[in-house]
Amino acid sequence: MSQRISFKVHGTVQGVNFRSFTQKKASSYGLTGWVSNTTNDKVVGEAQGDGEAVKKLLKNLNNGPPAAHVVKVEKEELDVKEGETSFSVR
């Protein structure tokens, strides 16, 4: 069953290829959505797809790429969006 979440990642997550890492992982799991930097040094986004794939992505977000230091990942359930075909970096 499809689900959609929003996420916000806190820590050393900008300038460490976090968005690219997230896009690659999400795409490999067949998820759609987006990821973006914020003006206050966090990374935010939305991911949609199979519940197990979303759980895998959340695990990846908690670890991040090698140069990242993740302090906290916040997530919130959202309504599923129709028509998305890929996972993009904004």
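**Group meeting talk: two positive phi angles and the sheet around them**

Hi everyone. Let's start with N17, which sits in the loop between β1 (2-12) and α1 (18-28). Before I go on, please keep in mind that this is a predicted model.

So what is unusual about the backbone of N17? Its phi is positive, about 65°, although N17 is not a glycine. As general background, most residues other than glycine have a negative phi. Is N17 buried or exposed? With a relative accessibility of 60%, N17 counts as exposed, because the cut-off for that class is over 50%.

There is a second residue of this kind. D41 also is not a glycine, and D41 has a positive phi of about 65°. You'll find D41 in the loop between β2 (32-37) and β3 (43-50). That loop belongs to the hairpin of β2 and β3, with five residues between the strands, and D41 is where the positive phi occurs.

Let me step back to the whole chain for a moment. There are two helices and five strands, and reading along the sequence gives the pattern β-α-β-β-α-β-β. The radius of gyration is 12 Å, close to the 12 Å from the globule rule for 90 residues, so the chain is as compact as a globular protein of that length. If you like to think in boxes, the C-alpha atoms fill one of roughly 30 × 20 × 20 Å along the principal axes.

A few more overall numbers. Of the 90 residues, 42% are buried. Among contacts with a separation of 6 or more, 79% are between residues 24 or more positions apart. The chain exposes about 5200 Å², and carbon and sulfur atoms supply 46% of that area. On the charge side, we have 13 positive and 10 negative side chains, with the centres of the two sets 7 Å apart.

Now to the strands, beginning with the hairpin. How many bridges join β2 and β3, and in which sense do they pair? The two strands pair antiparallel, over six bridges. Within that pairing, V35 has G45 in β3 as its bridge partner. β2 also has a parallel neighbour: three bridges join β2 to β5 (residues 87-89). There, W34 stands opposite S88 of β5. Why do I call β2 largely enclosed by the rest of the structure? Because five of its six residues are buried.

Next, β1. This strand pairs with β3 in the antiparallel sense over eight bridges, and one of the facing pairs puts K8 opposite V44 in β3. β1 is also antiparallel to β4 (residues 69-78), this time over nine bridges. In that pairing, I5 stands opposite E77 of β4.

While we're on β1, have a look at G11, which lies in this strand. G11 is partly exposed, with a relative accessible area of 32%. Leaving out residues up to four places away in sequence, G11 touches D41, H69 and V71. So here is D41 again, as a contact of G11. G11 and K42 are 31 residues apart along the chain, and their C-alpha atoms are separated by 7.0 Å.

Let me finish with two residues that touch each other, T22 and V35. T22 belongs to helix α1, and V35 belongs to strand β2. Is T22 buried or exposed? T22 counts as buried, at 0% relative accessibility. V35 is buried too, with a relative accessible area of 0%.

What does T22 contact beyond its neighbours within four places in sequence? The list is F7, V35, L57, L61 and F87. V35, with residues up to four places away set aside, touches F7, R19, T22, V43, V44, G45, F87, S88, V89 and R90. F7 and F87 are found in the list for T22 and in the list for V35.

For distances, the C-alpha atoms of V35 and Q23 are separated by 7.2 Å, with their positions 12 residues apart along the chain. T22 and T32 are 10 residues apart in sequence and 11 Å apart in space, C-alpha to C-alpha.

That's my tour: we began at N17 with its positive phi, met D41 in the hairpin of β2 and β3, and ended with T22 and V35 in contact. Thanks for listening!

Conventions. Residues are numbered from 1 along each chain as its sequence is written. This is a predicted model: local features need pLDDT of at least 70, side-chain atom pairs count only at pLDDT 80 or more; totals for chains, interfaces and linings use all residues. Side-chain values use heavy atoms; hydrogens and water are left out. Helices (H or I, at least four residues) and strands (E, at least two) are DSSP runs, numbered from the N terminus. Buried means under 20% relative accessible area, exposed over 50%, partly exposed in between (1.4 Å probe, protein chains only). Two strands pair if DSSP finds at least two bridges between them. The radius of gyration is taken over C-alpha atoms; the globule rule is 2.2 Å times the number of residues to the power 0.38. Contact means heavy atoms within 4.5 Å. Accessible areas come from the Shrake-Rupley method with a 1.4 Å probe; for residues, only the protein chains shown count as cover. Lys and Arg count as positive and Asp and Glu as negative; His and the chain ends are not counted. The place of a charge is taken as NZ of Lys, CZ of Arg, CG of Asp or CD of Glu.
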